[in-house]
Every structure is written in structure tokens, then in C-alpha cells.
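Student: I have a chain open and would like to go through it. Please show the sequence and structure.

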Amino acid sequence: MGKAKVFPLVLALFGVSVALEQGQRCVNPARQSGKCVLVRECASLLAIYSKRFTTPEETQFLASSRCGEIGRKTLVCCASEQQTRTSSFPTSPECGIQVTDRIIGGQTTELEEFPWTALIEYRKPGNQYDFHCGGALINARYILTAAHCVQSLPRGWQLNGVRLGEWDLSTANDCSDGICSAGPIDLEIESFVAHAGYDAADTAHTNDIALIRLRQDVASSEMIRPICMPLAEPQRSRNRVGTVSFAAGWGKTESASASERKLKVELTVQDPSRCRQIYRGINIALKASQMCAGGLQGKDTCTGDSGGPLMAKSAGAWYLIGVVSFGLSKCGTAGYPGVYTNVVEYLDWIESNVL
């Protein structure tokens, strides 16, 4: 079946709840405002439609974007091409879509799952190289991670680079169920900036957030693509308490100091006042700029996952809601959620530091 025939057929399967006229205001599947226009007039959707291969999520996004028709031509809800707050970042479906550490109680991810997950490499004394932190690709040039991953490092440690597109550290080219990746890519770091309010001596790890600028732009693929940032409504002001979220990384597990394969763990976002009360019991004063997730026995993030993403899915796309910061030294202790830097509280800082 030719591509030109697939798009209208898929749209027909989903139907249209309310038919709009050309030029009318609408809201797309990502809850972004836009106008009902011809497909050829919407660059972002046309770019997806013109791809040789599309993911099921992209196909569904195209289908769900239908807002009416004129003559026999399909109209789609096209989000505004120029959004002042999101100009430096991609919007769904250019982000947050996946083609299909230390993590406690984790499950192995699929080959192409969470393609924005990054590994940060360090050069250590004795000319040794190893990964000790994670991060998330947020656009073609930047990785968001934790401040403690880029400054106040152990003596003799230096940031060396960032790896993207990794799944299994033990193999050069990853394969699963007959599908193989093109292999990970190692990228040089041009610069980094940690939040000026971060203090390594602060037991609460307030402002534990940083940006790494890569030396070159990264092209998107099945194994590498950015996660969405919660810049627009309703993501920006959403109450996340009770939200089912996921963290991913290669860090410490129950049985080994590190996992060869990327793992994921499901974590529920906890009530912040209750979490602050828990940590006050061990003389740690959490701030409103932090969030907590997890707290079940045996399910947690741990040291090797520092800087990695806490993610929640909405309208078919994944959003970065937290950055792994810290928790108890004994990871996965019942009643003690992990602590994450709340990304929404730092959106202005992030935008002001992305060049």
C-alpha cells in the first residue's frame, strides 16, 4: 500500500468527533493550540508523513490530528509553528516518542525504549574511563542531568563525554528479537553549566540540576531522540502526585554493581508534604523545588542512575518531569521515596541557559 493511501485510511479509522472548518482554532493530541489546516500547510506533521518509516505512535498522532476535511482533502490540527516558550525545544511528535544506574527492582528495557537516555563518561586516575551518571537528551544539542554529576567530582575525575543510543554495554551492536541497532555514538562535551544555587555540602541537594552542551548537534533515529519538556500547558502546571512514572538507567541492581543492559523501574510520584516529613526525620530539609517518587521495598533508583530521567507519559508522548538526585544509601528501603529535582521548577533556568 502506498504512503499516500495509508494516511487518509488511518485517519478514517479514528474518525472525527467534531468537524472543524479550515482556519478554525483547535487543540492537537498533545493538547497544544493550533489551527485546522491542510496537511501540506503543516510542516511538522508533513515531516512525519514524509518519513519513509513511522512509528505506531507517530501514525496514531497523525490520525488523531485530523480535525475535518475540505472537499476530499484532510484537514489537521497544526500547532503554532512559533511558540515563544518552546522555540529551543522540540514538541511532540518530534520528541518523547519511542519506537516501541542504579535501578533497584528494575526490568530490562526493550532495544529502542527511552531513546533519550544518556550515559555520562568520566576519565579517572590511571587513565581509566567509566560511566557513572545518566542524563536525558532534551534537544539536538543538550543533555539535562544533575549538578553533582558535573561539579564537585571525586579527586582526579574529569568529564570525558556523553554516549547516546546505548542499550547493552557488553556488545558493540545491540540486537534483540532479530532487530539490531546501528550502535551507540560517543559525543564530545563542548561545555556544561550547573545551577549556581547548588552546594555539594547541602545534604538536601537543592538545585541539583545541570546542562551539558554537546560539541555537535545529534540527528534523531530509532535509538536516539529527545524527550519532551513540560513547557506548555497542561503539562507545566499539572499536579503530578499519584502519577505513574518511570526511571531508567544502567546503575546498581540487587545482584550487581552495574547492569549491562538499560533497566527501567515504575515509580509513583508521592505527596511532597508527606515526603518532606519523612526526610525531616533524618534531618534533611527538602524544598518545593524537589519531588519524590517510589518508596516501595525493592523499587528505587540508586547512585549510578544519578542525573537520569524521571518520565511520565501523556497524550502518547513522554515528558521529563524529574532528574534523579539522591535517596538513602540503602536503595529501595520501604517508606523512603527517592528524591528528584522537579524539572517544572527549573524551566526558566533551563531555557535561559540553552543557547
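Student: Is M229 buried or exposed?

Tutor: This is a predicted model, in which local features need pLDDT (the predictor's confidence in each residue, from 0 to 100) of at least 70, side-chain atom pairs count only at pLDDT 80 or more, and totals for chains, interfaces and linings use all residues. Residues are numbered from 1 along each chain as its sequence is written, and side-chain values use heavy atoms, with hydrogens and water left out. Buried means under 20% relative accessible area, exposed over 50%, and partly exposed in between, with a 1.4 Å probe and protein chains only. The relative accessibility of M229 is 7%, so M229 is buried.

Student: Which residues is M229 in contact with, leaving aside its neighbours within four places in sequence?

Tutor: M229 sits in the loop between strand 15 (210-214) and strand 16. Contact means heavy atoms within 4.5 Å. With neighbours within four places set aside, the contacts of M229 are F89, I138, L144, Y319, L320, V343, L347 and I350.

Student: Which strands stand at the edges of the open sheet?

Tutor: Strands are DSSP runs of E, at least two residues long, and helices are runs of H or I of at least four, numbered from the N terminus; two strands pair if DSSP finds at least two bridges between them. The order in this open sheet of seven strands is 6-17-16-20-21-22-18, with antiparallel pairing. Each edge strand has a single partner, so one side is left without a neighbour in the sheet: these are strand 6 (107-108) and strand 18 (290-293).

Student: What is the bridge partner of F246 in strand 17?

Tutor: Strand 16 (residues 244-249) pairs with strand 17 (residues 263-268) in the antiparallel sense, over six bridges. The partner of F246 in strand 17 is E266.
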